[in-house]
Amino acid sequence: MTHPDPRSPDPRTLRPRLPSPLQEVDDAPFARRGVRLLLKRDDLIHPALPGNKWRKLAPNLRAAAEAGDRALLTFGGAYSNHLRATAAAGRLLGLATVGVVRGDELAGGPLNWSLTRCVADGMRLHFVDRATYRRKTDPDVLAALHDRFGAFRLIPEGGSNALAAQGCTELGRELRGHADTIAVACGTGGTLAGLAAGLDPGQRALGVPVLKGGSPHFLHETVADLQRAAFGGVRGDWSLAEDFHCGGYARRTPELDAFADAFEERHGLPVERVYVAKLLLALTTLAERGAFPSGSTVAAVVTGTP
C-alpha cells in the first residue's frame with residue numbers, strides 16, 4: 001500500500017470560499033417573462049483558482065497528496081485557463097507543474113499573457129504539434145512525456161475526469177432548492193457532469209458549449225461517459241444548448257461583445273468573455289424565446305473572471 005507523504009500538500013490549506021455566494025440580479029429580459037435570474041458566484045471561490053477550476057482540481061490535488069505525488073502534468077491551448085489554474089495550484093502547494101501546449105509554432109516566439117502567467121507560477125511549458133496533441137492520451141505519447149519529465153500525476157485537458165465530476169457535485173448540492181434551471185458554460189464537460197448529479201429531482205441542468213466542432217453528439221457523449229466513470233451511470237436531468245459558441249473557443253462576435261458590455265453596464269459586474277458571456281447570452285436569448293416558464297428561477301454559474 002502507498003502511504004501519503006506527510007509533506008504532501010493538502011488543498012484545503014488554500015482556504016476556498018465555499019459555498020460560493022448566490023446573487024440575484026434584476027435583468028429586464030428575464031423580468032419581462034416573469035423569470036428570476038440568479039448568479040452563482042463561483043468566480044469568488046479563490047483568487048488564483050476561481051470557479052469550476054477549484055471544484056475540478058481540488059479532488060485531483062487531494063488524490064495527488066494521498067499518493068505522495070510531487071508533480072502534475074496537464075494539457076491546454078495557448079490561452080487555457082486550466083493551465084493557469086494548474087500552475088497557480090502548483091505554486092501555492094509546492095508542486096512541480098508541466099503544461100503541454102497545443103501548437104509547436106508557439107515555441108519560438110514571445111509568450112502571450114496567459115502562458116507568461118503560467119511560467120511566472122513555475123510551470124514548465126512543453127509545446128507539441130497539433131497532430132501529437134490530438135493523440136495526447138495515446139500510450140506512446142504519454143510514455144515519451146514520462147521519459148522527458150519523470151514521474152507525474154496526469155490531469156486531463158480542462159481538468160475533466162471522474163474525480164473532477166465528483167468534485168462538481170457539491171456545486172449541485174449548493175443549488176438545491178434555489179433554482180429550477182441551473183446553467184453552466186461547457187468546455188470539456190466535467191462541470192456539467194457533476195452539477196447535474198448533485199441537483200435535486202425536479203431541477204434541471206443546462207450546458208452551453210463554448211467550442212465549435214466535432215459531431216453534434218460529441219459533448220453529450222463526453223458528459224455521459226464522465227458520469228458513468230464517476231457515478232456508475234448517467235445522472236440527473238441535463239441537456240445542451242449548442243447554438244451559442246459564437247464561432248468557437250475564445251471566438252467573439254460584435255453581438256457577444258455588445259451584449260457583455262451592456263450586461264456589465266446594467267449590473268456593474270465584469271463579464272468574462274470566453275465562457276460567461278456566452279452563457280449569459282444563451283440564457284437571455286432563451287428567456288426572450290419563452291424557454292423558461294413564468295414564475296421559475298434560472299441560476300447561471302459564473303465560472304471565471306475576466
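Trainee: How many salt bridges does a search of the whole structure find?

Mentor: The search turns up 21. Keep in mind that this is a predicted model, where local features need pLDDT of at least 70 and side-chain atom pairs count only at pLDDT 80 or more, while totals for chains, interfaces and linings use all residues. Residues are numbered from 1 along each chain as its sequence is written, and side-chain values use heavy atoms, with hydrogens and water left out.

Trainee: Why is the contact between Glu157 and Lys136 called a salt bridge?

Mentor: The term needs a side-chain nitrogen of Lys or Arg within 4 Å of a carboxyl oxygen of Asp or Glu. Here the N to O distance is 3.4 Å, so the pair qualifies. Glu157 sits in the loop between E6 and helix H7 (162–174), and Lys136 in the loop between helix H5 (130–134) and helix H6 (139–149), so the bridge ties together parts that are 21 residues apart in sequence. Those labels come from DSSP runs, numbered from the N terminus: helices are H or I with at least four residues, strands are E with at least two.

Trainee: What makes Lys136 buried or exposed?

Mentor: Buried means under 20% relative accessible area, exposed means over 50%, and partly exposed is in between (1.4 Å probe, protein chains only). Lys136 has 16%, so it is buried. Glu157 has 27%, so it is partly exposed.

Trainee: How do you know that Asp261 and Arg273 form a salt bridge?

Mentor: Their closest N and O atoms are 2.5 Å apart, which is within the cut-off, so the name fits. Asp261 belongs to helix H10 and Arg273 to the loop between H10 and H11, so this bridge ties together parts 12 residues apart in sequence. Sharing partners, salt bridges join Arg252, Asp257, Asp261, Glu264 and Arg273 into one network. As for accessibility, Arg273 has 15% and counts as buried, whereas Asp261 has 40% and counts as partly exposed.

Trainee: What makes the span of helix H2 agree with the expected one?

Mentor: The expected span is 1.5 Å times one less than the number of residues. For the 16 residues of H2 (52–67) that should be 22 Å, and the end C-alpha atoms are 23 Å apart, which agrees.

Trainee: Where in H2 does a kink lie?

Mentor: Look at Ala58, shortly before the proline Pro59: the kink there is about 30 degrees. The bend at a residue is the angle between axes fitted to the seven residues ending there and the seven starting there. Just after H2, Gly68 takes a positive phi of about 75 degrees.

Trainee: Why is H2 called largely enclosed?

Mentor: Of its 16 residues, 13 are buried, so the rest of the structure largely encloses it.

Trainee: How do you know that strand E3 and E6 pair?

Mentor: Two strands pair if DSSP finds at least two bridges between them. E3 (residues 71–76) and E6 have two, in the parallel sense, so they meet the rule. In one example, Leu72 has Arg153 in E6 as its bridge partner.

Trainee: What order do the four strands of that open sheet take?

Mentor: The order is E5-E4-E3-E6, with parallel pairing. E5 (123–128) and E6 (153–154) stand at the edges with a single partner strand each, so one side of each has no neighbour in the sheet.

Trainee: Which residues does His126 touch?

Mentor: Not counting residues up to four places away in sequence, His126 touches Gly99, Val100, Val101, Leu145, Arg148 and Phe149. Contact here means heavy atoms within 4.5 Å. His126 is in strand E5, and its relative accessible area is 15%, so it is buried.

Trainee: What makes E1 and E9 the edge strands of the other sheet?

Mentor: First, the layout: this open sheet has six strands in the order E1-E2-E10-E7-E8-E9, with mixed pairing. E1 (22–25) and E9 (238–240) each pair on one side only. On average, neighbouring strands are turned by 25 degrees against each other, direction ignored.

Trainee: How many bridges join strand E7 to E8?

Mentor: There are six, and the strands run parallel, so at least two is satisfied and they pair. Val184 stands opposite Gly207 in E8. E8 (204–209) is mostly covered, with five of its six residues buried.

Definitions and conventions:
Axes fitted to C-alpha atoms, helices over the stretch in contact; angles between N-to-C directions.
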